[in-house]
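Me: Please take a close look at one packing contact in the structure below. I should then like to see it set against its surroundings.

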Amino acid sequence: MKNRLLRLGVTNFLAAGFLLAASVVHAQSVPPAAAVADYQARLAQYQAARSAYEADATEYWDAGGEKRRARNAKRRDHLPIGLDDYLLNQPPVYTGPPRPVDPHAPAAPPPERPEIPVVADFLKNAAEQFGFVPDRPASDLDFKRAYAKAALAAGLTRDQIVGVYVFETGGNGTYDSQAGLVPYRPGARAISPAVGYNQLLSTNTVSLLAEDGNRYLLALRQKAKGLTGPAKAAMERKIEGLKRMIAYSRTVPNRWSEHDRLAKTTLGGFGIHAAVLDIDLGPMLQVQKLTNSVRFARAKGYMAPLTAPELELMNLTGDGNGFDMVTMPQALRVRVPTANFFQQQGYERNPVARRTGVVANLIADIESKMGHGAQAQGARDLAAAF
């Protein structure tokens with residue numbers, strides 16, 4: 001009986017302790033009324049400031065899109081374009097208070113960054129989805145020689161090719177360099193799927209195969225005619241893999257938005273981008289992207305040779321936007337904000353466009369980077385390849 005009473009006493013004591021501990025934890029987890037009131041007040045201030053900013057931003061970027069469409073219509077009708085055809089003020093920047101932390105909310109884990117596929121992913125999915133294994137060069141210099149040969153055959157110049165290479169890679173990029181990993185630093189992460197000497201996007205690769213795939217097949221078949229034995233068999237396997245990739249690129253309508261979705265959200269889209277690593281296809285794909293810009297300018301009546309900075313403008317912002325800046329008089333370049341040539345998300349992800357502010361500064365920045373990087377070893381090797 002005595003032992004039972006002792007055990008009961010101990011049990012009651014422990015239970016009381018647990019209840020006390022639970023009440024302490026509960027008291028600590030429930031914020032005081034003053035903290036809740038302060039949070040609600042600061043949240044209201046943040047929401048008001050953010051709402052006002054987003055309304056201004058929406059109005060600004062919508063107006064920019066309307067201006068762009070109006071300029072395109074004027075160009076089609078061969079009408080002059082002046083300052084009134086551009087937004088002359090810079091985009092709104094949020095300067096209000098940060099979003100306050102909800103005292104009720106548990107500690108949130110750090111936000112996960114979406115994983116951007118890297119070269120290993122492109123290679124893996126090319127093999128698994130299409131049976132395509134790129135013929136990678138023995139050295140980067142071999143790829144540079146193939147790139148120079150393809151560029152000359154397409155009518156591009158050494159200055160154009162080296163200039164774009166320097167701006168996109170800093171002058172030392174390799175054929176498999178990916179954006180965010182050039183130059184490589186411990187802990188570096190890819191910031192886009194852009195790969196190569198002119199940083200070809202995976203969406204570009206899908207578009208190029210969808211639109212010009214038959215021409216690439218013809219080039220490989222011509223090369224296969226001069227091969228024998230294992231080399232010929234390997235080329236024939238590559239041709240079959242390329243045929244499957246081309247067919248896949250054509251499973252969606254021939255629109256940039258559809259190519260972008262395919263490139264970024266499907267395993268097949270990841271795999272297609274491995275073509276840029278192939279010593280036969282990679283140079284052709286990258287050269288074609290630049291050649292398309294030259295042809296675009298000529299089709300619009302601009303017959304003067306594009307300088308390296310002008311070609312890079314079109315490579316960086318797209319042919320239509322780049323051509324708009326290439327043909328812009330200097331008097332407008334010093335006044336027109338770079339934001340006129342970007343969508344909101346693209347502009348916010350582009351530190352060069354934001355930092356330079358106006359077209360004249362953007363062009364000067366491109367010229368400066370090309371000049372400074374021209375003596376880098378990679379740039380000198382590429383120039384020598386011509």
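Reply: Helix H5, residues 158–169, packs against helix H11, residues 308–317, at an angle of about 55 degrees, and their axes lie 8 Å apart. Helices are DSSP runs of H or I with at least four residues, strands E runs of at least two, numbered from the N terminus; axes are lines fitted to C-alpha atoms over the stretch in contact, with angles from 0 to 180 degrees between N-to-C directions. This is a predicted model, in which local features need pLDDT of at least 70 and side-chain atom pairs pLDDT 80 or more, whereas totals use all residues. Residues are numbered from 1 along each chain, and side-chain values use heavy atoms, without hydrogens and water.

H5 and H11 are therefore oblique to each other (neither under 35, over 145 nor 65 to 115 degrees). The crossing of H5 past H11 is right-handed (the near helix is turned clockwise from the far one by less than a right angle). On the H5 side, the residues in contact (heavy atoms within 4.5 Å) are Asp159, Gln160, Gly163, Val164, Phe167 and Glu168. From H11, Ala308, Leu311, Glu312, Asn315 and Leu316 meet them.

A second pair is formed by helix H4 (residues 140–153) and helix H10 (residues 281–299), whose axes come within 9 Å and cross at roughly 45 degrees. H4 is thus oblique to H10, and this crossing, too, is right-handed. H4 contributes Phe143, Ala146, Tyr147, Ala150 and Ala151 to the contact, while H10 brings Gly282, Pro283, Gln286, Val287 and Leu290.

The largest nonpolar core comprises 79 residues; such a core joins buried Ala, Val, Leu, Ile, Met, Phe, Trp, Tyr and Cys through side-chain atoms within 4.5 Å. Leu209, Tyr216, Leu242, Met245, Leu281, Leu285 and Phe341 have the most contacts inside this core. Beyond its neighbours within four places in sequence, Tyr216 is in contact with Leu208, Leu209, Leu242, Leu281, Met284, Leu285 and Gln288.

Ser202 belongs to helix H6, residues 202–225. With a relative accessible area of 2%, Ser202 is buried (under 20%, against over 50% for exposed and in between for partly exposed, with a 1.4 Å probe and protein chains only). Apart from residues up to four places away in sequence, Ser202 touches Pro193, Ala263, Lys264 and His273.

The protein chain as a whole has 17 helices and zero strands. Of its 386 residues, 42% are buried. Among contacts between residues at least 6 apart in sequence, 69% join residues at least 24 apart.
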